[in-house]
Amino acid sequence: ETQSALVEGSNKSIMFSINDTNARVNDQIKQMDVPARLIDSKTMVPLRFLSEELGFTVSWDEGNRIATISE
């Protein structure tokens, strides 16, 4: 109904609004490269943005087209 998604973890609260490149991290607005999207009734959020905001490291292997997320 609100066209938004909330992720909580690592002492952070991240609110995504569908088709908006702004995300609210705790009480700060942060800009994302791409917006959250609603695809086939599923909310898709930018993986790198979400992971890094939660304190993880994201690596991209271009040759194998694999994203790796680690602590």
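Strands S7 and S8 form a hairpin with four residues between them. Within that turn, Arg65 has a positive phi of about 55°. Strand S7 covers residues 57-61 and strand S8 covers residues 66-70, and the two pair in the antiparallel sense over five bridges. Across this pairing, Trp60 stands opposite Ala67 in S8. Helices (H or I, at least four residues) and strands (E, at least two) are DSSP runs, numbered from the N terminus, and two strands pair if DSSP finds at least two bridges between them.

The model is predicted: local features need pLDDT of at least 70, side-chain atom pairs count only at pLDDT 80 or more, and totals for chains, interfaces and linings use all residues. Residues are numbered from 1 along each chain as its sequence is written, and side-chain values use heavy atoms, with hydrogens and water left out.

**Overall architecture**

The protein contains one helix and eight strands. Read from the N terminus, the elements follow the order β-β-β-β-β-β-α-β-β. Along the principal axes, the C-alpha atoms fill a box of roughly 40 × 30 × 20 Å. Of the 71 residues, 23% are buried, where buried means under 20% relative accessible area, exposed means over 50%, and partly exposed lies in between (1.4 Å probe, protein chains only).

The accessible surface comes to about 5,300 Å², and 45% of this surface belongs to carbon and sulfur atoms; such areas come from the Shrake-Rupley method with a 1.4 Å probe. Among contacts between residues at least 6 apart in sequence, 19% join residues at least 24 apart, a contact being heavy atoms within 4.5 Å. The protein carries 7 positive and 11 negative charges, whose mean positions are 2 Å apart. Lys and Arg count as positive and Asp and Glu as negative, while His and the chain ends are not counted; each charge is placed at NZ of Lys, CZ of Arg, CG of Asp or CD of Glu.

**The four-stranded sheet**

An open sheet of four strands has the order S1-S2-S3-S4, with antiparallel pairing. Its edge strands are S1 (4-9) and S4 (28-31), each of which pairs on one side only. From one strand to the next, the twist averages 25°; axes are lines fitted to C-alpha atoms, and angles run from 0 to 180 degrees between N-to-C directions. Inside the sheet, strand S2 (residues 12-17) runs antiparallel to strand S3 (residues 22-25), and three bridges join them. One residue pair in the sheet is Met15 with its bridge partner Arg24 in S3.

**The helix and Glu53**

Helix H1 spans residues 47-53 and includes Glu53. Glu53 counts as buried because its relative accessibility is 13%. Leaving aside residues up to four places away in sequence, Glu53 touches Lys12, Ile14, Val25 and Lys30.

**Residues with positive phi**

Most residues other than glycine have a negative phi. Gln3 has a positive phi although it is not a glycine, and Asn26 likewise has a positive phi without being a glycine. The table sets out both residues.

| Residue | Phi | Place | Relative accessible area |
|---|---|---|---|
| Gln3 | about 55° | segment before S1 | 42%, partly exposed |
| Asn26 | about 50° | loop between S3 and S4 | 37%, partly exposed |
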